[in-house]
Amino acid sequence: MKNILVVGGGGREHAIIMKLAESKHVDKIFCAPGNGGISKYAECFNVSATDVDGIVALAKKIKPDMVVVAPDDPLVLGMVDALQAEGFMTFGPKANAAIIEGSKVFSKELMKKYNIPTAFYEVFTESDKAIDYLKKQNSYPAVIKADGLALGKGVIIAQNEEEAVQAVHDMIDDLKFGKSSARIVIEEYLTGPEVSVLSFTDGKTLVPMISSMDHKRALDGDKGLNTGGMGTVSPNPCYTEEIAKECMEKIFLPTMNAMNAEGRTFEGCLYFGLMITPNGPKVIEYNCRFGDPETQVVLPMLDADLYEIFEAIYNHELDKVDIKWHSGACACVVMASGGYPESYPKGIVMNGFDDRGQTADCFVYHAGTKLGENGEFLTNGGRVIGVTAKGCDLSEALNTAYKGVSRISFDGAHFRKDIGHKALEILS
């Protein structure tokens, strides 16, 4: 039986841990730093997910059979490289492959070089040149992206010249996202439904996971500020078999092969953020890890042993694993703190859970919780929990998830009441 260390402390990590806990191979799970909900499924250690030396030291102490590095920052920082150098089996790409998310400029240039469909773009390091370009193009909305990681907030969709100029000054001149925005990408605004597709790959074989649809805006009707994601549904009804085939031929396999050709073999979970434009599917972004909250609806649908998949990827034997998916649908509704995605309070008592932080008929994935002195669950983040449910169809999954939401309460709790409505409209 195997012991696993999972690095990270959010809803995605909780989903990975609960899926690994189902494996017949897994005995004990550790997590660093974890959170209140994760602590009911894994032994947690107070080591930051970005502390490469600290995580290596922890791994040497507890001697896990595998270390799963889940978030983007430690992957880009080279945590997998450091762990492998000490002889640990890992899940996640090395730093030279994680750059596919770590640098927007790298990923755009990769797509241009290997003819992978994406939005037209230009790269800038000087604000006056960027502003001249915007004025010359005079095409709005315009998409302005910080080159590096910016906690999912480094993308501005400017509706007019004034907003675009402000975004350029904020990023390049004021370094709003630190060094991440010293270089920026300005790209054309694409239209069409968005689709998230996660994939397992060992660099030789690529297996797309079931598709999902994220809901980024804070308020119902896709209004309000952009967030890390207020809910998800799976599968995404816009992602037809025909489109899936086209993506495999023109995007997924070409990306895997391009990374191999660059000497940057990608091993782990490669995330494709896609837009189904009138001219076919195009890549909006790559991520070098499981998406959050997409993971919370994708992994419950997985009808296979997650540990076996992770081990096969490490051994470059993914082609030997039979990866199946449950029929039906899955839905996740995020309950956030009042004020999110701006400032919000922490430490608010939560009610409606069983002893393990769960509620009937749902998977409750904790993203921002901690345990109080008496063992009670307290809020400790913006997105607090994701209440997830499966069903024979999307309506059933959503009904069950929202019933779960109705049983859980905390002061100021905020959630969207229209998760999955667009998908239901498409299905009807």
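Q: What counts as a helix or a strand here?
A: Both are DSSP runs, numbered from the N terminus: a helix is H or I over at least four residues, and a strand is E over at least two. The model is predicted, so local features need pLDDT of at least 70 and side-chain atom pairs count only at pLDDT 80 or more, while totals for chains, interfaces and linings use all residues. Residues are numbered from 1 along each chain as its sequence is written, and side-chain values use heavy atoms, leaving out hydrogens and water.

Q: What is found just after helix α2?
A: Lysine 63 is found there, with a positive phi of about 50 degrees.

Q: Which residues of α2 are buried?
A: Buried means under 20% relative accessible area, exposed over 50%, and partly exposed in between (1.4 Å probe, protein chains only). In α2 (residues 52-62), Val52, Gly54, Ile55, Val56, Leu58, Ala59 and Ile62 are buried.

Q: What do the buried residues of α2 pack against?
A: They pack against β1 (2-8), β2 (26-33), β4 (66-69), α3 (72-77) and α4 (79-85). Contact here means heavy atoms within 4.5 Å.

Q: Why is helix α6 called largely enclosed?
A: Helix α6 covers residues 104-113, and 7 of its 10 residues are buried, so the rest of the structure largely encloses it. The buried ones are Lys104, Val105, Phe106, Ser107, Lys108, Leu110 and Met111. Among the elements they pack against are α5 (95-102), β6 (121-124) and α9 (241-261). Just after α6, asparagine 115 takes a positive phi of about 55 degrees.

Q: How do you know that cysteine 247 is in no disulfide?
A: A disulfide is a pair of cysteine sulfur atoms within 2.5 Å. The structure holds 0 of them. For cysteine 247, the nearest cysteine sulfur is that of cysteine 238, 12 Å away. Cysteine 247 is buried, because its relative accessible area is 0%.

Q: Why is cysteine 362 not bonded to cysteine 330?
A: Their sulfurs are 9.7 Å apart, so they are too far for a bond. Cysteine 362 has 11% relative accessibility, so this residue counts as buried.

Q: What makes the pair of phenylalanine 30 and phenylalanine 45 tilted?
A: Rings of Phe, Tyr and Trp (its six-membered ring) pair if their centres lie within 6.5 Å; planes under 30 degrees apart are stacked, over 60 edge-to-face, and the rest tilted. By this rule there are 12 aromatic pairs. Phenylalanine 30 and phenylalanine 45 are 6.0 Å centre to centre, with 50 degrees between the planes, and that pair is tilted.

Q: What does this pair tie together?
A: Phenylalanine 30 is in strand β2 and phenylalanine 45 in the loop between β3 (43-44) and α2, so the pair ties together parts 15 residues apart in sequence.

Q: Why are both rings' residues called buried?
A: Phenylalanine 30 has 7% relative accessibility, so it counts as buried. Phenylalanine 45 has 15%, so phenylalanine 45 is buried as well.

Q: Why is valine 155 called partly exposed?
A: Valine 155 has 34% relative accessibility, so it counts as partly exposed. This valine is found in strand β8 (residues 155-158).
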